[in-house]
Amino acid sequence: ISIVGAGGKTTLVHKLAREYHRRGKGVLVTTTTHMYVEADTDLSCDFFALRDKIIKDGYCMAGQKISEQSKPKMCGLPYDLLDKLIKDMPQALDYVIIEADGAKHHSLKYPAADEPVIYPGTTDVIIVLGTWEKGKLCKDVVFRYELMQNELGMAEDVVVDDSVIDTLRQVYVKKLRDSGFEGRISTYYR
């Protein structure tokens, strides 16, 4: 499951992971872009360590550390390692949940040409759209607003409303389909 969009992706990733884990399912959380490193995140990129953690705990958040700031960030596991974990652990690993987009803490996002970054094994994509800033100017709320304005010809004073939010959803769906993604696409309004 790849989570894309803005306005609550990480929260949804953790909500899904907790729910699946509560049901006794094995869960791996990672990213294809960047995420903050959280407590107990495995940054080893070691197949055996990750396998053992998933088998023992039923849950693992994993990636590769990329920064040493006060809030360190990680990028995702190498695809070959992720492929091996999925292939070699069919009894223990039920769900891989991937944060597959970045929005720099904005509630809405207009994706660039190379976004979202979908892992090739993804079967489901959930588009997250924050709705709590309706009525505010798009330029103040939408990450990559200038790109949205250039590509869609939007006026400077457009405010966020249901039609803008639906347009962003449609852009994501089109980009996913144009990139060859054939799986399920759903939307989570927050």
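The following dialogue discusses a sheet, aromatic pairs and a charge over a ring in a predicted model.

Colleague: On what basis are the features of this model counted?

Modeller: The model is predicted, so local features need pLDDT of at least 70 and side-chain atom pairs pLDDT 80 or more, whereas totals for chains, interfaces and linings use all residues. Residues are numbered from 1 along each chain as its sequence is written, and side-chain values use heavy atoms, without hydrogens and water.

Colleague: In what order do the three strands of the open sheet stand?

Modeller: Strands are DSSP runs of E of at least two residues, and helices runs of H or I of at least four, numbered from the N terminus; two strands pair if DSSP finds at least two bridges between them. Here the order is S3-S6-S5, with antiparallel pairing. Strands S3 (34-36) and S5 (64-65) each have a single partner strand, so one side of each lacks a neighbour in the sheet. Three bridges join S3 to S6 (residues 73-75), and Met35 has Met74 as its bridge partner.

Colleague: How is a pair of aromatic rings described?

Modeller: The distance of the centres and the angle of the planes describe such a pair. Rings of Phe, Tyr and Trp (its six-membered ring) pair with centres within 6.5 Å; planes under 30 degrees apart are stacked, over 60 edge-to-face, and the rest tilted. The whole structure holds three aromatic pairs. Among them, Phe47 and Phe48 have centres 5.2 Å apart and planes at 80 degrees, so this pair is edge-to-face.

Colleague: Which residue has its charged end over the ring of Tyr36?

Modeller: A charge sits over a ring if NZ of Lys or CZ of Arg is within 6 Å of the ring centre and within 35 degrees of the ring normal. Lys71 does so at Tyr36, 4.7 Å from the ring centre.
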